[in-house]
Amino acid sequence: MTPSVDESPKVLPGPASETRGRKTWSIGTLTYTSAGLVALFGWLLFGDFAWNLKERAAGPVAQLMLKGMGSSDLLVGLLVGSLPGALGMLLGPIISVKSDRHRGRWGRRIPFLVIPTPIVMIGMVGMAFTPALGRMLHVALGEASPGPQTATLLVFVASWTCFEMATVVANTIFSALINDVVPHELIGRFFGLFRAVSLLAGIIFNYWIFGYAETHYQAIFLGLGAAYGIGFMLMCLKVKEGDLPPAPEPGATSTTGGWKNIKTYIRECYSHPHYLWVFAAITFGLMAQGPVNAFGVFYAQSVNLSMADYGKYLALTYGFSLFCSYPLGYLSDRFHPLRVGITVMGIYTVVTLFGGFWATTANAFAFFFVVHGILAGAYLTISSAMPPLLFPQAKFAQFFSAAGICTGIAHMVLPPIVGLGLDWSGHTYRYTFFGGSALGLIAMISFLIAYRNFNRLGGQAGYVAPL
């Protein structure tokens, strides 16, 4: 069952109204009954579950594979952290503005989600067969081969790049699809459910599968690749977009013009102080989690915590976060994500500061790691609801990609810096908590300034996104 679409261009008055005795919700020309809303949420969450099974597995398993191939912390940071950020900076703006302007039979978002799906699967197959393909490459190159280990690394890098290129494209447009089809008065609660499904995927992977990652990575990549392809494609087939408004006027979204369009894009997205502080809040909030998340596997190993136990503690983190996700979504709808974000980042800053001093044993690390994960998950739930409530709707994907450039730079720069610092420190992984605390403080300050600007622009009752 798919959500009903009002084919006429009218929009029902108000966020929720009564139609023939039934309560309805609307966004643009899309009108949902209760049954239609359940169907919409169901298919979006089904696609999100497939998405998150892939997301939860790829990074940690890739880290273990790289370590098994003799990679340094710096190389791990570059591939797992910097490469996705760099690809996001290059591809995000191009794809987002094309999607904003696209008008077609399948809508302006669905085509950009369908095309990357098989590419993601190809990348996961390549990673699954990396050792065998590396040996084949080494033999094929003969005397020109850089060696079996380097040849294997080259195969992995090529597969990971293919995987991340498609992931970056789909991630940008998936958020834009949600913005276009989910009524905004329910957006916080939707992202609460969205986060709950993400956590459920994390619990399944980390509790039952992650302990086998070092020995059964091939089966993991192949199985999750198939699950992602089937789940995401079904979602794309079942979720329908409504009638589209006219395309935005050419400018940053023009497909020609080279440097002129780049300058227009920069001016539109980065000239208003309000958006700069919103971008800063989103970016530093994500960066605060980065040091611990990027090197949590190695931190656990350094305090003699087994990978099986690490996976179970991570699953415990997701379990706590699962119960908090919908209430956090409700709080975001009730009080606004900016206000809730200030509180969460303040608590996170204090907790990670203590973790830097005390997380020196397996039990202490496990405690602070779980609390860190719960607070990081709370931030992700809250921040997901921010763009639909703060960015201009006609150019949502464009502004979402602009935020993505900021987070992309952070992901590109932060992991290798942290990795290099850990190499210099003799792999003292508790320093990752100190880094998270410092970045959390900057994030909290950014949230406070963004919230002050938000109130000046009308606040929760009358905010209009400036252009």
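**Group meeting: a walk through the predicted model**

I would like to begin at the surface, where Val 125, Phe 129, Leu 133, Met 136 and Leu 222 make a nonpolar patch of about 400 Å². A patch here is made of residues with over 30% relative accessible area and no salt bridge, with like charges joined within 9 Å and nonpolar side chains (Val, Leu, Ile, Met, Phe, Trp, Tyr) within 5 Å; the accessible areas come from the Shrake-Rupley method with a 1.4 Å probe, and for residues only the protein chains shown count as cover. One of these residues, Leu 133, sits in helix H5, residues 130–141, and counts as partly exposed because its relative accessibility is 32%. Buried means under 20% relative accessible area, exposed over 50%, and partly exposed in between, with a 1.4 Å probe and protein chains only. Helices (H or I, at least four residues) and strands (E, at least two) are DSSP runs, numbered from the N terminus.

A word on the basis of all this. The model is a predicted one, in which local features need pLDDT of at least 70 and side-chain atom pairs count only at pLDDT 80 or more, while totals for chains, interfaces and linings use all residues. Residues are numbered from 1 along each chain as its sequence is written, and side-chain values use heavy atoms, with hydrogens and water left out.

How confident is the predictor? The pLDDT, which is the predictor's confidence in each residue from 0 to 100, has a mean of 85 for the protein, and 93% of the residues reach 70 or more. Over residues 1–15, however, pLDDT stays under 50, and the model has 39 contacts beyond four places in sequence for that stretch, a contact being heavy atoms within 4.5 Å.

Let me turn to the salt bridges, of which a search of the whole structure finds seven; each is a side-chain nitrogen of Lys or Arg within 4 Å of a carboxyl oxygen of Asp or Glu. Asp 100, Arg 108, Arg 109 and Asp 180 are linked in a network of such bridges. Within that network, Arg 109 meets Asp 100 at 3.1 Å, N to O, and Asp 180 forms a salt bridge with Arg 109, the closest N and O atoms being 2.8 Å apart. This second pair links distant parts of the chain, since Asp 180 is in helix H6 (residues 148–181) and Arg 109 in the loop between H2 and H3, 71 residues apart. Arg 109 counts as buried because its relative accessibility is 0%, and Asp 100 is buried at 0% as well.

Elsewhere, Arg 189 forms a salt bridge with Asp 333, with 2.7 Å between the closest N and O atoms; Arg 189 lies in helix H7 (residues 187–209) and Asp 333 in helix H11, 144 residues apart. Arg 189 is partly exposed at 24% relative accessibility, whereas Asp 333 counts as buried at 18%.

Finally, some backbone details. Most residues other than glycine have a negative phi. Yet His 336 has a positive phi near 90°; this residue is found in the loop between helix H11 (307–335) and helix H12 (337–358), and is buried, with a relative accessible area of 4%. His 427 also has a positive phi, of about 65°, in the loop between helix H15 (396–424) and H16. In helix H16 itself we find Ser 446, which, leaving aside neighbours within four places in sequence, is in contact with Trp 277, Ala 280, Ala 281 and Phe 284.
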